[in-house]
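Thanks for asking me to look this one over. Here are my notes, set out point by point so that you can follow along in your viewer.

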Amino acid sequence: LIERNWFQYEGTDIVVATGKFKGNNVDGGTSWTVQWAKRDNKPVFVFDVQTSKWKTWVNNAWKDTEAPDLSKYKSITGVGTRELTPAGKKAIEAVSKTIQKGSVLKSGGASGSDKAWEAGARAASAQVESIRPGTLSDTQRATAIKQILDIENWVPKVAKPVDEMVHAPTGMTKSDYDKLVPKKTITNQIEFFSLLNSFDLSEMR
């Protein structure tokens with residue numbers, strides 16, 4: 001699922017999302033997409049389903065803001081929580097009306113926010129690119145894994161993302177996981193990339 005998030009994000013002009021905040025981060029898988037946008041200094045807007053307010057990342061902090069205007073963007077990533085509130089659904093519907101005909105909305109086809117973004121984009125006569133788990137090639141998976149690890153401030157927590165990304169959606173078996181992640185602590189990106197480069201992705205089942 002996290003690998004899929006990368007391909008929803010790749011090449012986008014803006015990220016719009018719905019979700020809950022935990023401290024300075026968005027909760028759940030949505031946080032990965034948001035974090036990549038922050039890293040690359042791309043516009044990112046999150047509708048906080050707990051406060052029913054839009055927030056944007058400015059000067060290294062989340063600030064309350066007006067709903068984003070998507071009319072000037074050609075490629076838009078729309079993601080978010082599956083536990084979409086009525087207010088969140090209305091927020092997506094309202095923002096989607098600013099999407100221009102012919103623009104591309106990249107999403108994941110999941111329930112809740114993804115479905116709402118896709119419906120809004122279709123209503124605006126935009127194209128919908130739905131990237132679903134289980135459709136990535138081994139090369140795409142390798143690219144995504146490297147991007148997953150290349151997130152500032154998340155490197156010390158490598159163990160948890162690695163554990164999450166090798167569950168069923170990636171196709172890895174327990175044996176694959178043991179080859180990729182030996183029984184020791186991984187403390188930095190270089191060490192992980194070394195392991196990744198020595199791992200034969202073609203052996204994945």
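The points below go from the whole chain to one helix, its packing, and a single lysine.

1. Please keep in mind that this is a predicted model. The protein holds eight helices and nine strands. Of its 205 residues, 49% are buried.

2. On the surface, about 10,200 Å² is exposed, and carbon and sulfur atoms account for 49% of that area. As for contacts, take those between residues at least 6 apart in sequence: 69% of them join residues at least 24 apart.

3. Helix H3 spans residues 86-96, and its buried residues are Gly88, Ala91, Ile92, Val95 and Ser96. Viewed down the H3 axis, these buried residues fall within an arc of 125°, so they line one face of the helix. Pro86 and Lys90, on the other side of H3, are exposed; for both, that means a relative accessible area over 50%.

4. What do the buried residues of H3 pack against? Their partners are three strands and a helix: strand S1 (14-19), strand S4 (44-48), strand S5 and helix H4 (113-123).

5. The pairing with H4 deserves a point of its own. Two packed helices are described by the angle between their axes and the distance between the axes. Here the axes of H3 and H4 come within 9 Å and cross at roughly 30°. The crossing angle is under the 35 degrees used as the limit, so H3 counts as roughly parallel to H4. The crossing of H3 past H4 is right-handed. On the H3 side, the contact is made by Ile92, Val95 and Ser96. H4 contributes Ser113, Ala116, Trp117, Gly120 and Ala121. Ile92, Val95 and Ser96 are also among the buried residues of H3.

6. Now to strand S5, which covers residues 53-58 and includes lysine 53. Is lysine 53 buried, exposed or partly exposed? Its relative accessible area is 44%, and because that lies between the 20% and 50% limits, lysine 53 is classed as partly exposed.

7. Which residues does lysine 53 touch, leaving aside those up to four places away in sequence? They are Val46, Phe47, Asp48 and Asp64. Strand S4 runs over 44-48, and Val46, Phe47 and Asp48 fall in that range. Lysine 53 and threonine 65 are twelve residues apart in sequence, with their C-alpha atoms 7.7 Å apart in space.

Terms used:
Residues numbered from 1 in each chain as written. Predicted model: local features only at pLDDT ≥ 70, side-chain atom pairs only at ≥ 80, totals over all residues. Heavy atoms only, no water. Helix = DSSP H or I, 4+ residues; strand = E, 2+ residues; numbered from the N terminus. Buried < 20%, exposed > 50% of the residue type's maximum accessible area, 1.4 Å probe, protein only. Contact = heavy atoms within 4.5 Å. Arc of directions from axis to C-beta. Areas by Shrake-Rupley, 256 points an atom, 1.4 Å probe, with all protein chains shown as cover. Axes fitted to C-alpha atoms, helices over the stretch in contact; angles between N-to-C directions. Parallel < 35°, antiparallel > 145°, perpendicular 65-115°, else oblique. Left-handed = near helix turned anticlockwise from the far one by under 90°.
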